[in-house]
Amino acid sequence: MIPIANPDISEEDKQAVLKVLESGMLASGPEVKKFEEEFAAFVGADYGIATTSGTTALDTAVQACGLKAGDKVITTPFTFIASCNSLLFNSVKPVFADIDYTTFNLDPVKVREVLEKDPEIKGIMPVHLFGQSADMTELMELADEYELIVIEDAAQAHGASHCGQRAGSFGQAGIYSFYPTKNMTTGEGGMLVTSDADTARLARKIINHGRTGDYQHDVLGYNFRSTDLAAALGRQQLRRLEDNNEKRRENARYLTENLQQLDWLEGPEERSGNYHVYHQYTVRLRPLNLENHEKALDYSELENCFAKVKRCRDQLVEHLKERGVGCGIYYPLPVHEQPLYRRRGYDKYSFPRAEAAAAQVLSLPVHPVLSQSDLEKIVKAVSCFSKKIS
Ligand SMILES: Cc1ncc(COP(=O)(O)O)c(C=O)c1O
């Protein structure tokens with residue numbers, strides 16, 4: 001089976017981790033410090049703070065950027081739930097805006113509509129989904145105009161850029177995840193980056209029990225510290241990140257070239273000015289006429305339409321599995337439709353594009369460990385799926 005993700009672990013990676021094991025310094029030490037400096041420099045930020053996960057980096061960012069209980073932050077409903085949960089952890093209210101059809105990221109037009117309606121919004125959390133940057137030119141303009149705190153969730157976008165600037169370096173803070181499926185890994189792990197000295201200082205305290213000195217604590221903090229074991233692996237992975245991102249781009253190009261003739265499938269697009277790092281190669285199953293769907297008021301018709309596409313997608317997943325091709329659905333349910341969020345008063349049928357994406361998307365393997373014969377096998381398996389949505 002060709003897996004949807006396959007971490008690239010080299011002999012050097014193993015040796016680096018072994019060296020730490022033999023050093024006796026297993027917790028946060030010199031490797032973490034170097035990893036933080038090297039990763040921040042790579043992103044183009046002044047400070048890096050390594051954490052135990054992307055989720056803890058997000059939680060730390062929300063607090064370190066000065067958001068308070070009761071504040072409202074705009075974010076996307078089409079993301080992994082951790083983005084929005086980082087707000088809930090801190091009693092900050094996520095306010096959703098719909099996504100751009102092509103990039104799956106926050107649509108600045110929809111964000112403006114929300115801002116015009118709600119003067120209480122304090123911040124914005126763009127998520128750079130699947131390895132492509134959100135439209136940070138437009139979103140930063142809105143942030144300036146409405147004086148918003150910007151926290152970027154770049155958990156899936158290591159090395160992605162927008163107009164030559166790395167995703168994660170635009171806002172007051174950016175975060176990354178180093179989970180094993182990501183473009184680089186430390187096992188579990190995360191990183192907060194910022195160029196604001198106060199944010200960095202506070203974040204560093206929050207991840208270390210709010211500690212200021214020897215058993216002195218002036219803010220509420222956790223133990224979200226990374227380890228030298230994780231950092232040693234992260235430093236090695238960072239060295240290969242750009243090459244591996246290039247391999248992902250080549251794989252994506254091959255898939256697009258060889259699948260574009262299929263009229264029932266729509267491939268991912270790189271927005272002009274963006275450098276997409278293809279954390280996922282995400283296709284959509286056609287058709288769902290979005291124009292009509294956005295205007296649709298008849299929800300039972302909409303449900304039927306979604307159900308039809310999902311049935312077809314389930315068949316495709318089975319078909320691929322039978323032919324030894326792994327795939328993934330990221331994400332089958334938008335955040336506002338998750339039971340946790342429904343109980344908090346978020347309505348179904350509020351964000352038509354996010355809802356359509358959840359019904360239509362399917363991610364195919366694109367990782368750098370794929371061989372040419374793997375790529376050919378993926379193309380062949382997808383191409384012979386003749387079932388079309390009527
Ligand atoms: C968009 C997004 N945000 C946050 C996270 C959380 O990262 P982690 O799994 O490292 O906690 C993930 C992880 O998949 C993610 O994809």
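By class, the shell around the ligand holds five nonpolar, eight polar and one charged residues. Nonpolar here means Ala, Val, Leu, Ile, Met, Phe, Trp, Tyr, Cys and Pro; charged means Asp, Glu, Lys and Arg; the others, Gly among them, are polar. A residue belongs near the ligand if its C-beta atom, placed from the backbone, lies within 6 Å of it. Of those 14 residues, Ser-53, Gly-54, Thr-55, Ala-155 and Ser-177 come nearest. Helix 3 (54–64) and helix 4 (81–89) are the elements that give two or more residues to the shell.

This is a predicted model: local features need pLDDT of at least 70, side-chain atom pairs count only at pLDDT 80 or more, and totals for chains, interfaces and linings use all residues. Residues are numbered from 1 along each chain as its sequence is written. Helices (H or I, at least four residues) and strands (E, at least two) are DSSP runs, numbered from the N terminus.

Now strand 8, residues 173–177. Five of its five residues are buried, that is, with 20 or more other C-beta atoms, placed from the backbone, within 10 Å of their own; exposed is 12 or fewer, and partly exposed is in between. Ala-173, Ile-175 and Ser-177 are on one side, Gly-174 and Tyr-176 on the other. Strand 8 runs parallel to strand 5 (149–153), with three bridges, and antiparallel to strand 9 (190–194), with four. Pairing takes at least two DSSP bridges. Ile-175 stands opposite Leu-192.

Last, helix 6, residues 136–146. Met-136, Leu-139 and Ala-143 are buried. On the other side, Asp-144 and Glu-145 are exposed.
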